[in-house]
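Here's a quick briefing for anyone opening this one for the first time. Have a look at the sequence and the model, then read on.

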Amino acid sequence: MLTSRLPDRVEPYKLAARRERLEGRVALSGLSRLAEEAGPQSGDCRVVLEFGIDAQGRREIHGSLEASLMLACRRCLVPIEHPVKSDFLLGMVADEALAGELPASHEPVLVENEQLNLLTLVEDELILSLPQVIYHDEADCLVPAEQLVSKADEAEEDEAASDDNPFAVLRTLKDKQ
Ligand SMILES: [Zn+2]
């Protein structure tokens, strides 16, 4: 079981040289960019990061994360619990210009002043693993699927309009007199 918090910042070159493995949790409530993309979250993200140096001398991080996010249903806006899981391979670069030299298998991660912000890293990966849109199953959704068919909508509106039309009522009264 992972109970420890992942450190906010590490020195990744040192960790790579020692081939260290970090495991820990990140509180989702502290990730403001994620909240902007996906709404407020609670609970933790479980993270494993393995630092190393590959045969070409590239310093890299094999990572995986798992979290349960609450994402708004596109139809009814009620949040749905949605598990996300991601495996990623990062290549450390000291300069954004060097990112182009990485093979396609590696996502670049910027190391500034020999420091790496792990919260930013985890937040970036979480945002990348968000689904484009999410819906409830029809039976669970507050908005029934038939209301989404615009033609049915229009027909219902027409009917409602004729029932409620006060002039229609007046006309009926006049005819009776
Ligand atoms: Zn829904």
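**The zinc site and what surrounds it**

The four donor atoms around the zinc ion subtend angles of 98 to 126°, so the arrangement is tetrahedral. Keep in mind that this is a predicted model. Let's start at the metal and work outwards from there.

**Around the zinc**

- Four residues hold the zinc ion: Cys73 and Cys76 through SG, His136 through ND1, and Cys141 through SG, at 2.1 to 2.3 Å.
- For comparison with those angles, the ideal value for four tetrahedral donors is 109.5 degrees.
- If you want to spot the donors in the sequence, look for the spacing C-x2-C-x59-H-x4-C.
- Are Cys73 and Cys76 buried or exposed? Both of these cysteines are buried.

**The overall layout**

- The chain has five helices and seven strands.
- Walking along the sequence, you meet them in the pattern β-α-β-α-β-β-β-β-β-α-α-α.
- Of the 177 residues in the chain, 32% are buried.
- Take the contacts with a separation of 6 or more: 55% of them are between residues 24 or more positions apart.
- The accessible surface of the chain is about 11600 Å², and carbon and sulfur atoms account for 49% of that.

**Strands and hairpins**

- S3 and S4 run antiparallel to each other and pair over nine bridges.
- One pair to look for here is Leu49 with its bridge partner Gly63 in S4.
- Five residues sit between S3 and S4 in their hairpin, and Gly57 in the turn has a positive phi of about 85°.
- S4 also pairs with S5, again in the antiparallel sense, over 13 bridges.
- Across that pairing, Ala67 stands opposite Val84 in S5.
- The hairpin of S4 and S5 has six residues between the strands, with Leu77 among the residues to check for a positive phi.

**The nonpolar core**

- In soluble globular proteins, nonpolar side chains tend to be buried together.
- In this chain, the largest nonpolar core has 37 residues, and those with the most contacts inside it are Cys45, Leu49, Phe51, Leu121, Val122 and Leu126.
- Which elements give two or more residues to this core? They are helices H1 (12-17), H2 (32-38) and H3 (118-128), together with strands S2 (21-27), S3 (44-53), S4 (59-72) and S5 (79-93).
- Leu121 is a handy residue to click on: leaving aside its neighbours within four places in sequence, Leu121 is in contact with Leu49, Ile61, Phe88, Leu90, Val109 and Leu116.
- Leu49 thus turns up both in the list of residues with the most contacts inside the core and as the bridge partner of Gly63.

**Two residues with a positive phi**

- Leu77 lies in the loop between S4 and S5.
- Phi of Leu77 is near 70°, which is a positive value in a residue other than glycine.
- Is Leu77 buried or exposed? Leu77 counts as exposed because its relative accessibility is 62%, and the cut-off for exposed is over 50%.
- Glu114 also has a positive phi without being a glycine, with a value near 60°.
- You'll find Glu114 in the loop between strand S6 (107-110) and strand S7 (116-117).
- With a relative accessibility of 45%, Glu114 counts as partly exposed.

Definitions and conventions. Residues numbered from 1 in each chain as written. Predicted model: local features only at pLDDT ≥ 70, side-chain atom pairs only at ≥ 80, totals over all residues. Heavy atoms only, no water. Helix = DSSP H or I, 4+ residues; strand = E, 2+ residues; numbered from the N terminus. Buried < 20%, exposed > 50% of the residue type's maximum accessible area, 1.4 Å probe, protein only. Contact = heavy atoms within 4.5 Å. Areas by Shrake-Rupley, 256 points an atom, 1.4 Å probe, with all protein chains shown as cover. Donors = N, O, S within 2.8 Å, 3.2 Å for Na, K, Ca; no water. Tetrahedral: all angles 85-135°; square planar, octahedral: opposite > 155°, others 65-115°. Core = buried A, V, L, I, M, F, W, Y, C linked by side-chain atoms within 4.5 Å. Pairing = 2+ DSSP bridges.
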